[in-house]
Amino acid sequence: MTTTSTLSDWMKQSQAQIETALMHFLPSDLITPTHLHQAMRYAVLDGGKRVRPLLVYAAGELFSAGHSELTRAACALEMIHAYSLVHDDMPCMDDDALRRGKPTVHVKYGQATALLVGDALQAQAFLILAQGHCPAERQLEMLQILAHSSGSLGMCGGQAIDLDSVGLNLTRDQLEQMHQLKTGALLRASVLLGALCGQQLNATEHAALNRYADAIGLAFQVVDDILDATADSAALGKTAGKDAANNKPTYVSILGLEASQQLAQQLRHEAHAALESFHGQSSTTARTQRLSQLADFIVERSA
Ligand code: GRG
């Protein structure tokens, strides 16, 4: 789709492509063990905003990446994200019954199956990424980024800090560090993998993409905290008000609502500013458009 289409049309078309690709990359529910495969498909398909895949496509557009490699990376990231949601909702973690407007996986299929769904989705993500056709060196770098961003120095590490911080008075810096790992790491991986599907990055490009990813990663979390405090469960498709109920430190509890809203706007500007280093030629200016619009979407979203 051309860069002149609206963000909303581009998102709808990309989300439909991602859905089709996820259906293809997930094992069929006719294959044994059918119950596990059914539950994996339930966890991933038909739901969610697909923000990580959209970031992959948007970064790929900046570096003129091929569609099939981008779709592979997008699906790998969405599978890691879906696995994290399945495990996060389990009684041993956040203990939630509603996700993406549906009963959570352990409520529908039982805890043992939910555990296996997360494990199997994680393995499937690495499998489909490893089967890509980028030059071997870049393919390996993408696998390393995915492993690093989802492991104990990324998303899992952030989740561990989150679990340890219930009821504590975290400073703003400690809160930021937790979210950079828990949510930010996978968003950053989405941007980097999309770019790497197109080409090897030089140090300047790498630094600019990191600045962009840091800003949108934090903005995503600030807005998540604002929505948890202000929106209702029906609008969110997940239980609202859980942070306060669970005595969890959030941007809203530390800064207040108004300052959190201002921070989200400041981070949006930082994201846009990071993209300016790609504005040397008119062709690349146009190709930053989707990343720029996704920063707006992340700040303006209502779910
Ligand atoms: C269990 C290893 C492990 C990690 C869990 C991502 C995560 C770490 C927990 C999810 C809980 C949570 C509310 C995190 C904060 C922000 C976040 C990641 C929200 C959900 O992501 P969205 O809004 O969800 O992209 P959709 O459903 O649209 O894909």
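This is a short chat about the ligand and helix 8 in a predicted model.

Me: What kind of model is this, and how are residues numbered?
Reply: This is a predicted model, where local features need pLDDT of at least 70, side-chain atom pairs count only at pLDDT 80 or more, and totals for chains, interfaces and linings use all residues. Residues are numbered from 1 along each chain as its sequence is written, and side-chain values use heavy atoms, with hydrogens and water left out.

Me: Where does the ligand sit?
Reply: The ligand sits in the largest pocket.

Me: How many residues surround the ligand?
Reply: 20 residues surround it, each with a heavy atom within 4 Å. The closest are Lys 49, Arg 52, His 81, Asp 88 and Arg 100.

Me: Which helix gives the most to that shell?
Reply: Helix 4, with six residues. Helices here are DSSP runs of H or I, at least four residues, numbered from the N terminus.

Me: How far is the side chain of Lys 49 from the ligand?
Reply: An N or O atom of that side chain is 2.6 Å from a ligand oxygen. For His 81, the distance from a side-chain N or O atom to a ligand oxygen is 2.8 Å.

Me: New topic. Which residues of helix 8 are buried?
Reply: In helix 8 (residues 155-164), Met 155, Gly 157, Gly 158, Gln 159 and Asp 162 are buried. Buried means under 20% relative accessible area, with a 1.4 Å probe and protein chains only.

Me: What do they pack against?
Reply: The buried residues of helix 8 pack against helix 4 (67-88), helix 7 (136-150) and helix 9 (172-196). Contact means heavy atoms within 4.5 Å.

Conventions: Buried < 20%, exposed > 50% of the residue type's maximum accessible area, 1.4 Å probe, protein only. Helix = DSSP H or I, 4+ residues; strand = E, 2+ residues; numbered from the N terminus. Polar contact = N/O pair within 3.5 Å; in protein donor to acceptor, adjacent residues only side chain to side chain. 1 Å grid on protein atoms, 1.4 Å probe; cavity = no way out; pocket = protein on both sides within 12 Å on 5 of 7 lines; lining within 4 Å. Sits in = over half its atoms within 2 Å of the grid points.
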